[in-house]
Amino acid sequence: MNDAAANPSDSTTPTAPVSAQEEETSILHIGMDLGTSRTAIAASNGARESVFSYVGYPKDVVSRKLLGDEPLYGEAAIKKRLSLNLFRPLEKGVIKGSTEGDASEDTEGNAAAAAALVQYAIRMAKPRPDQLIYAVIGCPAEASITNRTSIINAAKQVVDSVMIASEPFAVAYGLDVLTDALVIDIGAGTTDLCRMHGTMPEPEDQITLAIAGDKIDQLLAKLMKQNHPEVQFSERMITQAKEEHATATGAHEVIVTWPVNGKPTPIDITKEMNEACHSIVPPIVEALGKLVASFDPEFQDVLRNNVILGGGGSRIRGLGNAIESYMAEHLGGGKVNTVEEPVYAGANGALKIARDMPAEYWEQLS
Amino acid sequence: MSNSLTRSLYHLMRGASRPTSLSRLKQRGHKRVSILRYRDIEMLIDTSVENTLSKMGIELSDRDIKGLGAEARVEFLALLHERDSLRETVDDLVTQQEELEANRAVLKERLTETKSELDEEQAAEDEELVEFGEDLTSLEGRISASLRALLSDSATPRDALTARAIELVRAAFDEQREEVANRTRAEQAERVGLLQRRLSKLNKKLEESEAMLARARAAANTSDEDIEEFDMGPAGLKSQDPQFEKKKQVLEEIFKLNVELKSMVDSEGDKKPT
């Protein structure tokens, strides 16, 4: 029998209420965009960080001597990749090997790397040791149940309570756009489209395309081999060139200095970059068209004129205009607005969901 | 604004901003902070160019106004660059401050050591002279006794001669004693003088170090004291939110979906062999 039961009067003794500030500082809310290319977090303590989604483990004794036993993450892992077993644990927005029937990848290795990446991302928010961590993690709109549970499994080791939300929905929630809008979230692995109509989006409101940043890289590499066979480059150089110069306008000259027979040589890749970046426009507009066409005819016009472009892919210069032009040609017009902070839009939205979520919901899931 | 200018401005602003944590701001008594988006700055630049032209009554073509706007942005970028370099300077000053603090501690330690060395040296001077004087006195006594014994054995003792000899020995000893004492005092004075010069130099260095430290502290503390407020407010959906009902509904649905996911994760865990 406990003391309260032994002395009933004790059970009615009012306890000091936990102040809002105390409660606030005892819980750290985190919004996370666990992306194929980059993982971004936004936390209620003001932390906002991002890291390339790479995890590297020292591959042998020499590497361990040189780099230590701890895994390396992000840019550091990329730089030391020759000494590491390098994992890019996400593909098409989900953990590699977590899709049903996909046994081609090192499933366990990728799951462990994803868990390590989530842990690292949480550490970037610098939680206090005594703080409870409640996290909302964004995942692709059409991620399967298995994909989602694998993300939960990766996260639950380091957070006290975790929820998964559709990435484009998180972007929309972060912008307070819950009605009559179409969100396009262009990542590295997937492009997610989500129709917002005031309630939780249903599966028919969302489309995930496997055409995104990585496809642009692949096409750019293909075009470079085709048009400049003499130029030597790596996948990483292609990605870097895209990160720095991506354009869908054709108006910006893109010159890179890459080796030709070992000699650094300036190469004009304007045409190839433009073609590669523009390649994602038709499938995106086609998917947009599907979501518009299946919406209430009375509101189709509003929807078409309230397209929000987010995700790392939205940093491609002139992409919004290119989509608008293509929409004008094929859907009879439309208006596209690009989010202010493409890298953090998903994480900011996820943080907003985390903070708005009632405390009792978090407790039930912990 | 061209994309490259926008990007430069954005990166510079992010670079120029100083990360801090909510808890740290709270500790410093801040409750709210004002947030300025970089797009607002673009607009402010354009508006200030237009207002200035309007106040000066200058009418220019749109193209010229755009040109001026671009120049103003470039100027703004240059100022941000300057701010960036100033920040680096402040960082350097902080490092310098730390080094100075460490240096000051070393100087203080050295000063204490030197002072005690000086005290010991000064005390030693008198002791040495006293010891030396005692030794000479005892030697003088022994020599006087020997002389007396030697001269008293003589067949024709000459008291006056004996007294004279002893006096001569005593005079010689006194002279020697004085000479040694003077030399010792001079050596002592030289050592003390050296120690005093060292002390004076250390004191001067300490003063300089203190002054530099004060300047470094003042320079390094110029940042962000003017931040008034930073507050995300308490967690939880606000009833006054214009989309309160819609948000409440979608949050509930997200929660339900996650309850289902959790039950799947838990049942997977149960199935796994232990």
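A salt bridge here is a side-chain nitrogen of Lys or Arg within 4 Å of a carboxyl oxygen of Asp or Glu. With that in hand, look at K247(B) and D176(A): they form a salt bridge, and their closest N and O atoms sit 2.5 Å apart. Bear in mind that this is a predicted model.

**Where the chains meet**

How many salt bridges does the rule find across the interface of chain A and chain B? Just 1, so the K247(B) and D176(A) pair is it, given the 4 Å cut-off. The rule also finds 6 residue pairs in polar contact across this interface, with both partners at pLDDT 80 or more. On the chain A side, the elements that each supply at least two residues touching chain B are α3 (20–26), α7 (145–156), β10 (161–166), α8 (167–174), α10 (235–245), α15 (342–356) and α16 (359–365). Sorted by class, that side of chain A has 18 nonpolar, 15 polar and 14 charged residues.

As for extent, chain A puts 47 residues into the contact and chain B puts in 36 residues. Between them, about 3,600 Å² is buried, and carbon and sulfur atoms give 59% of that area. Which three residues lead on the chain A side? M200(A), E340(A) and R355(A) supply 18% of the area chain A buries against chain B, more than any other three residues.

**Chain B by itself**

Chain B is built from 6 helices and 0 strands, so along the sequence you read α-α-α-α-α-α. Some overall values for this chain:

| Property of chain B | Value |
|---|---|
| Residues counted as buried | 25% of 274 residues |
| Contacts (separation of 6 or more) between residues 24 or more positions apart | 83% |
| Accessible surface | about 19,100 Å² |
| Share of that surface from carbon and sulfur atoms | 53% |

One residue to pick out is E113(B), which has its place in helix α4 (residues 62–152) of chain B. Its relative accessibility is 42%, so E113(B) counts as partly exposed. E113(B) and L199(B) are 86 residues apart in sequence, yet their C-alpha atoms are 9.7 Å apart in space.

**Inside chain A**

Back to α8(A), one of the elements on the side that touches chain B. Why call this helix largely enclosed by the rest of the structure? Because 7 of its 8 residues are buried. Those buried residues of α8(A) are E167(A), P168(A), F169(A), A170(A), V171(A), A172(A) and Y173(A). Just after α8(A) comes D176(A), with a positive phi of about 60°. D176(A) is also the salt-bridge partner of K247(B).

Helix α11 (residues 270–278) of chain A has buried residues too: T270(A), E272(A), M273(A), N274(A), A276(A) and C277(A). The cover over them includes α9 (213–227), α10, β15 (263–268), α12 (281–293) and α14 (319–330) of chain A.

That last helix, α14 of chain A, is where E324(A) lies. Is E324(A) buried or exposed? With a relative accessible area of 17%, E324(A) is buried, because the cut-off for buried is under 20%. Setting aside neighbours within four places in sequence, E324(A) is in contact with G334(A), K335(A) and V336(A). For V336(A), the backbone nitrogen lies 2.8 Å from a polar atom of the E324(A) side chain.

Definitions and conventions:
Residues numbered from 1 in each chain as written. Chains lettered and ligands numbered in written order. Predicted model: local features only at pLDDT ≥ 70, side-chain atom pairs only at ≥ 80, totals over all residues. Heavy atoms only, no water. Contact = heavy atoms within 4.5 Å. Buried area = accessible area lost by both parts, 1.4 Å probe. Polar contact = N/O pair within 3.5 Å; in protein donor to acceptor, adjacent residues only side chain to side chain. Helix = DSSP H or I, 4+ residues; strand = E, 2+ residues; numbered from the N terminus. Nonpolar A, V, L, I, M, F, W, Y, C, P; charged D, E, K, R; others polar. Buried < 20%, exposed > 50% of the residue type's maximum accessible area, 1.4 Å probe, protein only. Areas by Shrake-Rupley, 256 points an atom, 1.4 Å probe, with all protein chains shown as cover.
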